[in-house]
Every structure is written in C-alpha cells, then in structure tokens.
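Please open the model in a viewer and keep the selection tool at hand. The tour below proceeds from one selection to the next.

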Amino acid sequence: MSNPTYDAVVVGSGPNGLAAAIALQQAGLAVLLLEGKTELGGGLRTAELTLPGFRHDICSAIHPLAVASPFFQTLPLAQYGLNYITPPVAAAHPFDDGTAATVTASLADSAQTLGADADAYQRLLAPLIASWPGIANDVLAPLQFPKHPLDMARFGSLALLPATVLARRFGDEKAKGLLAGMAAHTIQPLSNLATSAAGLVLLVAAHRRGWPLAQGGSQSLADALVAHFRALGGHVETGTYVRSLTQLPSARAVLLDVTPAQLLQIAGHKLSSLYRWQLRRYRYGMGVYKVDWALAEPIPFTAAACRQAGTVHLGGTLAEIAAGERGAARGQHPARPFVLLAQQSQFDPTRAPAGQHTAWAYCHVPNGSRVDMTDTIERQVERFAPGFRERILGCHTFDTAQMEDYNPNYVGGDINGGVLDIRQLFTRPVLRASPYRTSQRGLYLCSSATPPGGGVHGMCGYYAARRALRDVFRLPAPPLHQEP
Ligand SMILES: Cc1cc2nc3c(=O)[nH]c(=O)nc-3n(C[C@H](O)[C@H](O)[C@H](O)COP(=O)(O)OP(=O)(O)OC[C@H]3O[C@@H](n4cnc5c(N)ncnc54)[C@H](O)[C@@H]3O)c2cc1C
C-alpha cells in the first residue's frame, strides 16, 4: 500500500466510484482510488469475450443516462478520447406481425409507428420533453425540494404509476408494448408502483439526445474518467480487494462503491447495531442472464427499422412482458422472457473485424439463478430475426453467480445494486437524513445502492462526495451542469 497521506480514499472504480473520486479531487483534496480488479471501470469494462477482434461490453452498453448526467456533462471527457455514437433509432420494439415501434429523435415520427395511439403518445411525452431541462437535475438526484415544483409534480404523478396503469392511456398493443419494454429496464414486476419512472426517463432521453454508445466500447468512458482523475492529480491502485477498513491508508473520509452486503463485511464492526440491522433488511432484486455473440453478419431482423436501432426490446406485447417480469420476480424462468439486445457494431466498426458483428443481450431471471438461458434468449432473437442463429460465430455467457463473481456489487446477479422499487427508490440503502452517510463518521456509501440508483450516470458518487465534502472538509462540491 502506498504512503498513507490521503484526504479521502474511494474503494471501487465503477462510474459512481470514479465520479466520487473526481468530485473530491476537483475540490483540491488528495484522493486515492482503490479497485479490487486489475482493470478499472466496474460496469464500464469492454473485452474480447468471444473471439479475437470482437470487443464486447461486459456490463453496460448504452448510455442515455451518462449523456444526461448533470455531473458527467461538466467533465472534459472528449479531451480524453471519449466519443459517443448515436444510432439513428434509439430503441426498436418488434412485434410478431413483422412491424416495429421505434423511438427516434423525432417525437412525431416515433408516434407514427404507434398507429392509433400516435396522438396519445405525443400528448404524454411532449410536455415531459419540454420540461426536462428544468427537472433533470432533480430526477437524477436524492429526494430534494425541486427547482420547478409544478413540472416535477406532473412528472412525478405519471412516474409513480405502475407501468401497467400508465399503459391504459393507450388503446393499441404497440404503444402498450413499447412502454412495457421501457419500464422493464427497472427490473421488477410492471404492476409495481413507480415502474413508469424508468420508462418515461428513458423515452424522454431518447427523444432529446438519443441512446448513444461509446466508440470503442463502454471502457472508453471509464478510461476517460480515469484519465481526467489522474490529470487532476488523483492516485489509482488496482488489484487491491478491500475486505476490511484496516487495509486502507488513513484518510479523513472513505467512500465505498459497494452495496450493503459488502459494507457489512468490510465495516460491520464499526457500524451501529441499528444501522447494521437496517442494512440487513436491504433487498436485492432479480438477476440477469447475459449473452454476448460474435456474428458473421448483422442480425436479420424482419422489421427493417430494428436494423437501425442501437437497442432492440424483444418481448412483444405488454401482457407477455409483464408476465415474464412477474414470473422471474416469483422465482420462475419464463419461456419467452423480455430480452434487451444491443448491436453496437452496426454503428461502431471498432467492435468487430471488418464486415462482422457483435451483439449483447440479457434477460431477467430469479436472484441467484443458475439456469442456462442461452437457448431461451436465442429463441427470442430468432422469433423476430429468423436466421439469426446461422450467423453466430462465437458466444459467451454469464449466469447470475458468474456475474457476481465478476463484480461483487451484482449480488445474486442484481445489476441495480438492490431493488429499485418505491420502498428503496429514495431510501436506499436505509432511511436516513442522508442516504450516503453510514453510522460511522467519515464513512460513506457511493454506489448504485444509494439514490438515484442503477445506471451509468455517476450521480450516486457525486452526491456521496458532496456529502463528504460538506461533513468532513467544509468544502463546496463542484457545480452541476444545468440544462439550458
Ligand atoms: C449486464 C449489464 C448491463 C447493463 N447495461 C447498462 C446500460 O446499458 N446502461 C446503463 O446505464 N447501465 C447499465 N448497467 C448498469 C450499470 O453498469 C451499473 O448500474 C453501474 O455500473 C453501477 O455503478 P457503480 O459505480 O455503482 O458500481 P459498479 O459499476 O458495479 O462498480 C463497482 C466497482 O467496485 C469494485 N469493488 C467492489 N467491491 C470491492 C472491494 N471490496 N474492494 C475493491 N473493489 C471493489 C468492483 O470491482 C467494481 O469495479 C448494466 C449492468 C450490467 C451488469
């Protein structure tokens, strides 16, 4: 371990650990970032998982939240080689009749793909898109008094609805299915309160800036964040898996990019018995089963619009998607699960050898599941793209245990760092005045197990750093970007 002369130590280099480390370093502190793995980036790594020359995003792939992040937008990441590529269609949702609903920058064009619900869709989304600049910083934040209460109230009144209820605004299967696919990103039964929130945020993001991917892989975002941290004077050590606070050099503040299960292992003895009891009640959600393919050719989707989409939602109707999510939450493995698929190489030729392609997909499964879902996922792709399997050159899979083994933050395969339901949306990990503080002075949690939760936006890390800066150092945090 290096010379213990740090003001702050951050453990874990996911997007939140990196955001926290940068915010602390920007305030003029001496910061050490420690990572258990040899590669930095947490959920932002990219590697040749299948065959040489095929670069796969191991975890996150699509970055609407990173480009919308009020903190990441303040950072000069392009200077460090980060280039976002925005596919012409953010997301496509194919149906069994060979058509697809599509979401593009144009609200009107997207609405046209929804037939009879075109007007209802525009009526729902247009006010939210218009008010987004005023509410973005309050949506991607812990619970706080909003800057624009009326706009926030309008968003909240829709976002708090179960997706199955919000879908009643539509008469046709297409708009209902599209909304279900968006809401399913929240990884919980669609009849749960607030499942509309993720769906609406993702739709607004798609219409405002698209759903970009990072040229060269999500690793490019991690690399740019690390390069910026180092340029500010930050120190980095990899290959140091922290099992106890005693491993750390002395520092006035320690921020952990881990979830409650690891916090209990690392610092349990330092925490109050009430806080430990609260942490033990924290709930993890469904896991994911992930597949990456090396492909000889692009995926031959029947609906041509799907070939223009960075992300494709495979699951058909609201009824089918809702049943799959409900089943997985109850411990079942649906025969036709909702599958999230990304086809990065269609838009970024650096991902595969010339003329060849990559694809990335996952479905939701019960927490801790060891069931091999490869065939089930491939059958869902084949359903909307007959001939897909003939194009497969190589395949790599992760079940939930392999996912957790790869990154201990994915407890039981839960990629959100804990269920994002209404009971844990704002009070993750526990109900406290500041969710980032632990019961131990100077010790903070900065992972997606704190508000605003999962996804690559770095805002959990930013707000944890802001708390530590105020509590321990009496310093202000770097300002956030305000949408014009
Ligand atoms: C398959 C998959 C697909 C996803 N797709 C998307 C997507 O397309 N878009 C999106 O926005 N989000 C996506 N996500 C979610 C996103 O990756 C996470 O929400 C995000 O990475 C969480 O960031 P974090 O910093 O909280 O934690 P992580 O990114 O999980 O980082 C935690 C880091 O801490 C390290 N660590 C943990 N414990 C210790 C320890 N004790 N000692 C030292 N180091 C430790 C880990 O090695 C890891 O590097 C996806 C996730 C997965 C798994």
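**A helix pair**

In this predicted model, begin by selecting Pro260, Leu263 and Leu264 in H10, which meet Tyr275, Arg276, Leu279 and Arg280 in H11. By class, this contact has five nonpolar, no polar and two charged residues. Next, extend the selection to the full helices, residues 260–267 for H10 and residues 273–280 for H11. Their axes lie 9 Å apart, and the helices pack at an angle of about 145°. Viewed together, H10 passes H11 in a left-handed crossing.

**The nonpolar cores**

Now select Tyr121, Leu125, Phe155, Met182, Leu190 and Trp211; of the 66 residues in the largest nonpolar core, these touch the most other members. Helix H4, residues 118–139, supplies the largest share of this core, with eleven residues. Centre the view on Tyr121: leaving aside residues up to four places away in sequence, Tyr121 touches Val103, Leu107, Ser110, Ala111, Leu114, Phe170, Leu178, Leu203 and His207. Then move to Leu33, Phe71, Leu77 and Val472, which are among the 47 residues of a second, separate core.

**The cysteines**

How many disulfides does the structure hold? There are zero. Select Cys59 and Cys460 to see why Cys59 has no such bond: the sulfur of Cys460 is the closest cysteine sulfur to that of Cys59, yet at 16 Å it is too far for a bond. Cys59 is buried, with a relative accessible area of 11%. Finally, select Cys363, which is in no disulfide; the nearest cysteine sulfur, in Cys395, is 13 Å away. Cys363 also counts as buried, at 0% relative accessibility.

Terms used: Residues numbered from 1 in each chain as written. Predicted model: local features only at pLDDT ≥ 70, side-chain atom pairs only at ≥ 80, totals over all residues. Heavy atoms only, no water. Axes fitted to C-alpha atoms, helices over the stretch in contact; angles between N-to-C directions. Helix = DSSP H or I, 4+ residues; strand = E, 2+ residues; numbered from the N terminus. Left-handed = near helix turned anticlockwise from the far one by under 90°. Contact = heavy atoms within 4.5 Å. Nonpolar A, V, L, I, M, F, W, Y, C, P; charged D, E, K, R; others polar. Disulfide = S-S within 2.5 Å. Buried < 20%, exposed > 50% of the residue type's maximum accessible area, 1.4 Å probe, protein only. Core = buried A, V, L, I, M, F, W, Y, C linked by side-chain atoms within 4.5 Å.
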